[in-house]
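Student: Can you walk me through this one? I'd like to start with what packs against what.

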Amino acid sequence: MESLSELINKRRSIRKYLEREVEKEKIESLIESARMAPSACNAQPWRIVVVKDKKLKDELIAKGLGGFVVPNSWAKTAPVIVVVCSDLSFFTHTMAERVQGVQYHLIDIGICMEHMALKAVELGLGTCYIGWFNGKQILKMLNLPSSWKVECLLTLGYPAEIPDATPRKPLNEISIIK
């Protein structure tokens, strides 16, 4: 088993996938990893929709990523699109934002998604975050509750290509240790 540091260093944004189905057990393992993520007040605001059906996936890409949104045509190669939503009906998230000015549910969603991305690496899968999409169109298309908000998409599949690591800023540019 690889260490967490190795998984973190191996993770890449995959934009080209093999035409190979992702096994149900692996998808369930990813969701279980997301489920274990910490969240503010243990609200667990994430709601995860896995889109495997090719026709629905293609429609989601055409309508949810097309139009006025920057096209992500490479997403068509992914056998799975994971739609990560937040359930905004939690009182604690609404109050926390008003009092603290922090959208804690977005922090929670980010942690949940990173759990999935790292688990994917462990399972030999690749992912790529998509943050630009038509969330209202996706909610409507997937017939999801109005109290949900699409926060991010995650492509998922077996990588056809693994890009080299992108340059990272040195520690002294991103941190201060006192």
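Tutor: One term to begin with: contact means heavy atoms within 4.5 Å. This is a predicted model.

Student: OK, take helix α6. Which of its residues are buried?

Tutor: In α6, residues 135-142, the buried ones are G135, I138, L139, M141 and L142. Seen down the axis of α6, they fall within an arc of 165°, so they line one face of the helix.

Student: Why would residues three or four places apart point the same way?

Tutor: An α-helix has 3.6 residues a turn, so that spacing brings them round to the same direction.

Student: And what covers the buried residues of α6?

Tutor: The cover includes β1 (46-51), α3 (54-64), β2 (80-87) and β4 (148-157). On the other side of α6, K136 and K140 are exposed.

Student: What follows α6?

Tutor: N143 does, and its phi is positive, near 55°.

Student: Now the sheet. What is the strand order?

Tutor: The order is β1-β2-β4-β3, in an open sheet of four strands with antiparallel pairing. β1 and β3 (126-130) stand at the edges with a single partner strand each, so one side of each has no neighbour in the sheet. From one strand to the next, the twist averages 25°.

Student: How many bridges between β1 and β2?

Tutor: Six, in the antiparallel sense. I48 has V84 in β2 as its bridge partner.

Student: Which strands does α3 touch?

Tutor: α3 packs on the sheet and touches β1, β2 and β4, with its direction at about 65° to that of β2.

Student: Last topic, rings. How many aromatic pairs?

Tutor: Zero. The charged end of R20, though, sits over the ring of Y158, 3.6 Å from its centre. For R15, the charged end sits over the ring of W74, 5.5 Å from the centre.

Methods
Residues numbered from 1 in each chain as written. Predicted model: local features only at pLDDT ≥ 70, side-chain atom pairs only at ≥ 80, totals over all residues. Heavy atoms only, no water. Phe/Tyr/Trp six-rings, centres within 6.5 Å; stacked < 30°, edge-to-face > 60°. Lys NZ or Arg CZ within 6 Å of the ring centre and 35° of its normal. Buried < 20%, exposed > 50% of the residue type's maximum accessible area, 1.4 Å probe, protein only. Helix = DSSP H or I, 4+ residues; strand = E, 2+ residues; numbered from the N terminus. Arc of directions from axis to C-beta. Pairing = 2+ DSSP bridges. Axes fitted to C-alpha atoms, helices over the stretch in contact; angles between N-to-C directions.
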